[in-house]
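User: I'm new to this one and I'd like to learn how to read it feature by feature. Could you walk me through?

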Amino acid sequence: MTVRVLLADDQVLIRSGFAALIGSAEDLEVVGEAGDGAEAVRQAVALRPDVVLMDIRMPGTDGLAASRQITGSPELADVHVIVLTTFEADEYVLEALRSGASGFLGKSVEPEELLDAIRVVARGDALLSPRATRSLIARFLAGPAQGGPEQHDPALDVLTEREREMVGLVAHGLSNEDIAGRLYLSPLTVKTHVNRAMSKLGVRDRAQLVVLAYQTGLVRAGDPEPR
């Protein structure tokens, strides 16, 4: 199945470069381009791409506002957004993740990493650059200046102990395969637990699961990675 991609960036040369790269992959296809956030939203509604590559800073409606509109629309529930930034340590990225984006990439990303990221997000079963995302969230959401979240949050009470464990491991940047190896489970079993946790918590994908893990205090900045 071909993954359909919408490019949103105000710089034509950058869009052209990404389009050429994506077009070189047999399983990926650029179905549209947009020069600002408002056009990106219109194109997303008209074209229903699998993935939107969204520049975070654009004139008029920026990528953050456009991401919120796309991910907040029930009719676009199958459209996934990847935020593109010049600098990965960008506070707007956290806001994009909070509003539904599936992950982020720096514009200096290696070509193969970009292509793989599109495929991963289109599947909806993994998080982009999990360790980088964890670092970003720890910095802007759970930093010591904010005092940190409460130890217990009732939002997590809907989860079983196993599901809580899974969410914690996901928030530490582990893939399903990593978790399966640690807990001596099959990757399919892990995926089932993670999907159930996402459904119970009402989050779109693993990116939002990581955000929620930090917001609720299940995982805190500086926590050692579980072994």
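User: Let's go with the sheet. In what order do the 5 strands lie, and what is the pairing?

Analyst: The general idea is that strands of a sheet pair through backbone hydrogen bonds, either parallel or antiparallel. In this predicted model, the 5 strands make an open sheet ordered 2-1-3-4-5, with parallel pairing. Strand 2 and strand 5 (103-106) are the edge strands, each pairing on one side only. From one strand to the next, the twist averages 25°.

User: Which strands does helix 1 touch as it packs on the sheet?

Analyst: Helix 1 touches strand 1, strand 2, strand 3 and strand 4 (80-85). The direction of helix 1 makes about 165° with that of strand 2.

User: Now strand 1. How many bridges does it share with strand 2, and how many with strand 3?

Analyst: Strand 1 pairs with strand 2 (residues 28-34) over 6 bridges, in the parallel sense. You can pick out one pair there: Arg4 has Glu29 as its bridge partner in strand 2. The route from strand 1 to strand 2 goes through helix 1 (residues 12-23), and this β-α-β crossover is right-handed. Towards strand 3 (residues 51-55), strand 1 has 4 bridges, and these two strands also run parallel. There, Val5 is matched with Val51, and Leu6 with Val52.

User: How many residues of strand 1 are buried?

Analyst: In strand 1 (residues 3-8), 5 of the 6 residues are buried, so this strand is largely enclosed by the rest of the structure. For the protein as a whole, 48% of the 227 residues count as buried.

User: Val51 came up as a bridge partner. How far apart are Val51 and Arg123 in sequence and in space?

Analyst: Try comparing the two separations. Arg123 and Val51 are 72 residues apart along the sequence, and their C-alpha atoms are 9.9 Å apart in space. Arg123 lies in helix 5 (residues 111-123) and is exposed, with a relative accessible area of 53%. For the whole protein, take the contacts between residues at least 6 apart in sequence: 70% of them join residues at least 24 apart.

User: On to helices. How do I describe two that pack together?

Analyst: Two packed helices are described by the angle between their axes and the distance between the axes. Take helix 7 (residues 161-171) and helix 10 (residues 206-215): their axes come within 9 Å and cross at roughly 100°. An angle of 65 to 115 degrees counts as roughly perpendicular, so that is how helix 7 and helix 10 lie to each other.

User: Which residues meet there?

Analyst: From helix 7 you have Val167, Val170 and Ala171; from helix 10, Arg206, Leu209, Val210, Ala213 and Tyr214. Sorted by class, this contact has 7 nonpolar residues, 1 charged and no polar ones.

User: Last one: what should I look for in phi?

Analyst: Most residues other than glycine have a negative phi. Here, Arg48 has a positive phi near 50°. You'll find Arg48 in the loop between helix 2 (37-47) and strand 3, partly exposed at a relative accessible area of 40%. Tyr184 also isn't a glycine, and its phi is positive at about 55°.

User: Where is Tyr184 found, and is it buried or exposed?

Analyst: Tyr184 sits in the loop between helix 8 (176-183) and helix 9 (187-201). With 76% relative accessibility, Tyr184 counts as exposed.

Definitions and conventions: Residues numbered from 1 in each chain as written. Predicted model: local features only at pLDDT ≥ 70, side-chain atom pairs only at ≥ 80, totals over all residues. Heavy atoms only, no water. Axes fitted to C-alpha atoms, helices over the stretch in contact; angles between N-to-C directions. Parallel < 35°, antiparallel > 145°, perpendicular 65-115°, else oblique. Contact = heavy atoms within 4.5 Å. Nonpolar A, V, L, I, M, F, W, Y, C, P; charged D, E, K, R; others polar. Buried < 20%, exposed > 50% of the residue type's maximum accessible area, 1.4 Å probe, protein only. Pairing = 2+ DSSP bridges. Right-handed = clockwise from strand over helix to strand, strands pointing away.
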